[in-house]
Amino acid sequence: MAFKVRKIGLAVAISPTAVALLNVASRLSVQWKAELVLVHIGKQTAEEKELLEKLLQAANLSGIPHKLIWREGSVVSDRKSTRLNSSHLVISYAVFCLK
């Protein structure tokens, strides 16, 4: 049974790999004609906002339907529970396709 991907979710952190991850997610968004939903967790400060805006500009998301969901909170120090397969030593990213 085929299904249509309508939204692609990506957790966005201000990190050295963020632009590459955004590029992968944006390519999937174009390929599947899906909205890109970016989720960022962190305190909303002027400095954090500026860093995030520069990150999104570097990823060049113009022309790609996307929205940013920003929630205040703290980053979890142990991310094992969020891994797709906890037997892997390193998971560099996860892109979620939302129905």
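Where does asparagine 60 lie? In the loop between α2 and β3. I'll come back to that residue. Let me start with the whole chain. One caution before that: this is a predicted model.

The overall layout, then. The protein chain has two helices and four strands. Reading from the N terminus, the order is β-α-β-α-β-β. The chain has 99 residues, and 26% of them are buried. Its accessible surface is about 7,300 Å². Carbon and sulfur atoms account for 56% of that surface. Now contacts. Take those between residues at least 6 apart in sequence: 78% of them join residues at least 24 apart.

On to the first helix. α1 covers residues 18-32. Does its length make sense? Fifteen residues at 1.5 Å a residue should span 21 Å, and the end C-alpha atoms are 21 Å apart, so the two agree. Which residues of α1 are buried? Ala18, Leu21, Leu22, Ala25, Ser26, Leu28 and Ser29. Look down the helix axis and these residues fall within an arc of 160 degrees, so they line one face of α1. The face turned away from that buried side carries Arg27, Val30 and Gln31, which are exposed.

Just past α1 comes lysine 33. This residue sits in the loop between α1 and β2. Its phi is near 50 degrees, a positive value in a residue other than glycine. Is lysine 33 buried or exposed? Exposed, with a relative accessible area of 70%.

Second helix. α2 runs over residues 46-59. Its 14 residues should span 20 Å at 1.5 Å a residue, and the end C-alpha atoms are 20 Å apart, which agrees. Buried here are Leu52, Leu55, Leu56 and Ala59. These residues cover an arc of only 95 degrees around the axis, which puts them on the same side of α2. Ala46, Glu47 and Gln57 are exposed on the other side. What covers the buried residues of α2? The cover includes α1, β2 and β3, the last of these being residues 66-71.

Now back to asparagine 60, just after α2. Phi is positive here too, near 50 degrees, and again the residue is not glycine. At 52% relative accessibility, asparagine 60 counts as exposed, because the cut-off for exposed is over 50%.

Next door in the sequence is leucine 61. Leave out residues up to four places away in sequence, and leucine 61 touches Ser26, Leu36, Leu38, Leu56 and His66. Leucine 61 also turns up in the core, which is my next topic.

How many residues does the largest nonpolar core have? The count is 19. The residues with the most contacts inside this core are Leu10, Val12, Leu22, Leu38 and Leu61. At least two core residues come from each of β1, α1, β2 and α2. The largest share, five residues, is supplied by α1. Recall that Leu22 is one of the buried residues of α1.

Last topic: charges. Side chains of opposite charge can pair when their charged atoms come close. How many salt bridges does a search of the whole structure find? Two.

One joins the side chains of lysine 7 and glutamate 35, at 4.0 Å from N to O. Lysine 7 belongs to strand β1, residues 7-11, and glutamate 35 to strand β2, residues 35-41, so this pair ties together parts that are 28 residues apart in sequence. Both partners are partly exposed. Lysine 7 has a relative accessibility of 32%. Glutamate 35 comes in at 24%.

The other salt bridge pairs glutamate 50 with lysine 54. Their closest N and O atoms are 3.3 Å apart. Both residues are in helix α2, four residues apart, which means about one helical turn separates them. Glutamate 50 is partly exposed, at 44% relative accessible area.

To wrap up. Keep in mind that the model is predicted. The chain runs β-α-β-α-β-β. The buried residues of α1 line one face of that helix. The buried residues of α2 share one side of theirs. A nonpolar core of 19 residues takes its largest share from α1. Of the two salt bridges, one links strands β1 and β2, and the other lies within helix α2. Two loop residues have positive phi: lysine 33 and asparagine 60.

Methods. Residues are numbered from 1 along each chain as its sequence is written. This is a predicted model: local features need pLDDT of at least 70, side-chain atom pairs count only at pLDDT 80 or more; totals for chains, interfaces and linings use all residues. Side-chain values use heavy atoms; hydrogens and water are left out. The expected span of a helix is 1.5 Å times one less than its number of residues. Buried means under 20% relative accessible area, exposed over 50%, partly exposed in between (1.4 Å probe, protein chains only). The arc is that of the directions from the helix axis to the C-beta atoms. Contact means heavy atoms within 4.5 Å. Accessible areas come from the Shrake-Rupley method with a 1.4 Å probe; for residues, only the protein chains shown count as cover. A nonpolar core is a set of buried Ala, Val, Leu, Ile, Met, Phe, Trp, Tyr and Cys residues joined through side-chain atoms within 4.5 Å.
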